Amino acid sequence: MSSTELPETRTAAASPASRARAVRVAEGEELRSVALPGLTLTVRARPGNRPGLPPALYVHGLGGSSQNWSALMPLLADHVDGEAVDLPGFGDSPPPDDGNYSVTGHARAVIRLLDAGGRGPVHLLGNSLGGAVATRVAAVRPDLVRTLTLVSPALPELRAQRTAWPTALLAVPGVAPLFAKLTKDWTAEQRVKGVLALCYGDPGLVTDEGLRHAVEEMERRLELPYFWDVMARSSRGIVDAYTLGGQHGLWRQAERVLAPTLLVYGRRDRLVSYRMARKAAAAFRGSRLLTLPEAGHVAMMEYPEAVAQAVRDLIADDGGS
């Protein structure tokens with residue numbers, strides 16, 4: 001997609017999701033909706049502290065949203081002009097017209113966003129599914145990526161941890177609607193606490209206010225008619241990406257990444273095994289590795305200061321801002 005495909009921007013209140021229930025916007029953040037042919041994306045912006053800073057784009061994981069980066073973005077506002085995207089069907093972004101939730105489909109959405117806005121090359125950050133998406137973007141469009149930061153990237157594992165099996169099961173046809181039916185009496189708070197127990201090394205790090213905001217967001221998402229379909233199709237997309245071989249395989253694409261890369265892994269990650277850190281460090285040429293002993297799957301939410309310092313060092317070594 002060429003850079004001549006200019007985006008239409010409007011306030012987030014115009015999107016179908018936000019008409020149902022307002023999406024939370026933290027102080028200092030701005031929401032906008034970017035309309036492209038067949039695709040509408042919500043972007044959460046955290047402008048840099050001064051003009052002229054290089055752009056950054058943050059990409060969330062499965063079941064997440066741009067809000068997953070709200071703790072990290074202000075800590076990097078002195079180095080980058082940040083934007084976090086809601087992938088198609090997640091957060092406040094409606095489903096894409098083509099219904100493509102594969103890793104390649106999500107990567108194509110990110111590329112179209114960057115091409116349309118003319119923001120590349122960017123400092124690209126991705127978590128989990130977003131890490132796989134960011135890897136694919138960096139491999140196929142190196143001109144768009146200045147540095148790459150991957151937090152627990154969802155790259156293929158031969159032996160996934162048992163705690164990750166339920167997520168993989170969502171990819172099986174019929175499982176998502178069955179799970180939705182079996183858990184229809186669960187409260188939003190019960191669901192959120194289950195997610196926190198899976199994603200955080202120590203769920204006790206979540207404040208009462210943070211829990212309340214997460215519950216409100218869960219309530220909003222459960223009202224969306226496409227919630228479970230998007231989760232199932234995106235889970236299937238991850239599984240399909242794991243089975244791809246040859247030049248389209250994620251590990252092969254990791255070897256093609258030219259951008260300076262930072263890898264962040266938590267030793268308490270229940271979804272992406274910590275043992276994959278060594279393989280990733282070998283695959284991404286000249287990469288640097290940050291390991292956090294107490295972190296789980298979302299280190300940028302659990303220990304944002306440590307992640308921010310590592311990203312600042314990466315940016316500085318790349319030539320600063």
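**Exercise 1. Classify Glu-217 by burial and find a side-chain partner.**

Glu-217 is buried, because its relative accessible area is 10%. Buried means under 20% relative accessible area, exposed over 50%, and partly exposed in between (1.4 Å probe, protein chains only). Next, place the residue: Glu-217 sits in helix 7, residues 208-222. Helices (H or I, at least four residues) and strands (E, at least two) are DSSP runs, numbered from the N terminus. Finally, the partner: the side chain of Glu-217 makes a polar contact with the side chain of Arg-221, at 2.8 Å. A polar contact is a pair of N or O atoms within 3.5 Å; within protein, one must be able to donate a hydrogen and the other to accept it, and residues adjacent in sequence count only if both atoms are side-chain atoms.

A note on the model. This is a predicted model: local features need pLDDT of at least 70, side-chain atom pairs count only at pLDDT 80 or more, and totals for chains, interfaces and linings use all residues. Residues are numbered from 1 along each chain as its sequence is written, and side-chain values use heavy atoms, with hydrogens and water left out.

**Exercise 2. Give the overall figures for the protein: secondary structure, burial and contacts.**

Start with the elements: there are 12 helices and nine strands. Then burial: 54% of the 321 residues count as buried. Then contacts, meaning heavy atoms within 4.5 Å. Among those with a separation of 6 or more, 75% join residues 24 or more positions apart.

**Exercise 3. Decide how strand 4 (residues 55-59) is covered and which strands pair with it.**

Step one: count. Five of the five residues of strand 4 are buried, so the strand is largely enclosed by the rest of the structure. Step two: split the faces. In a regular strand the side chains alternate between the two faces of the sheet. Pro-55, Leu-57 and Val-59 lie on one side, Ala-56 and Tyr-58 on the other, and all are buried. Step three: find the pairs. Two strands pair if DSSP finds at least two bridges between them. Strand 4 runs parallel to strand 5 (residues 81-85) over five bridges, with Tyr-58 opposite Ala-84. Strand 4 also pairs with strand 6 in the parallel sense, over four bridges. There Val-59 stands opposite Gly-126.

**Exercise 4. Continue from strand 6 to strand 7, then check the loops at both ends of strand 6.**

Strand 6 is mostly covered, with six of its six residues buried. One side carries Val-122, Leu-124 and Gly-126; the other carries His-123, Leu-125 and Asn-127. Six bridges join strand 6 to strand 7 in a parallel pairing. Gly-126 is opposite Leu-150 of strand 7.

Now the loops. Pro-121 is in the loop between helix 2 and strand 6. The peptide bond from Gly-120 to Pro-121 is cis, with omega near 0°. Ser-128 lies in the loop between strand 6 and helix 3 (129-140). Ser-128 is not a glycine, yet its phi is positive, about 55°. Ser-128 is buried, at 11% relative accessible area.

**Exercise 5. Is Asn-49 buried or exposed, and which residues are in contact with it?**

Asn-49 is exposed, because its relative accessible area is 57%. Asn-49 belongs to the loop between strand 3 (39-46) and strand 4. Leaving aside neighbours within four places in sequence, Asn-49 is in contact with Ala-77 and Asp-78. The C-alpha atoms of Asn-49 and Asp-78 are 5.3 Å apart, although 29 residues separate them along the chain.

**Exercise 6. Identify the largest nonpolar core and its main contributor.**

A nonpolar core is a set of buried Ala, Val, Leu, Ile, Met, Phe, Trp, Tyr and Cys residues joined through side-chain atoms within 4.5 Å. The largest has 53 residues; Leu-57, Leu-124, Leu-148 and Phe-284 have the most contacts inside it. Helix 2 (residues 103-117) supplies the largest share of this core, eight residues. Apart from it lies another core, of 33 residues, including Val-151 and Leu-314.

**Exercise 7. Describe helix 12 (residues 304-317): its span, its packing and what follows it.**

Helix 12 has 14 residues and reaches 20 Å from its first C-alpha to its last, close to the expected 20 Å. The expected span is 1.5 Å times one less than the number of residues. Its buried residues include Val-307, Val-311 and Leu-314. The buried residues of helix 12 pack against several elements, among them strand 7 (145-151) and helix 11 (299-302). Gly-319 follows helix 12 and has a positive phi, near 125°.
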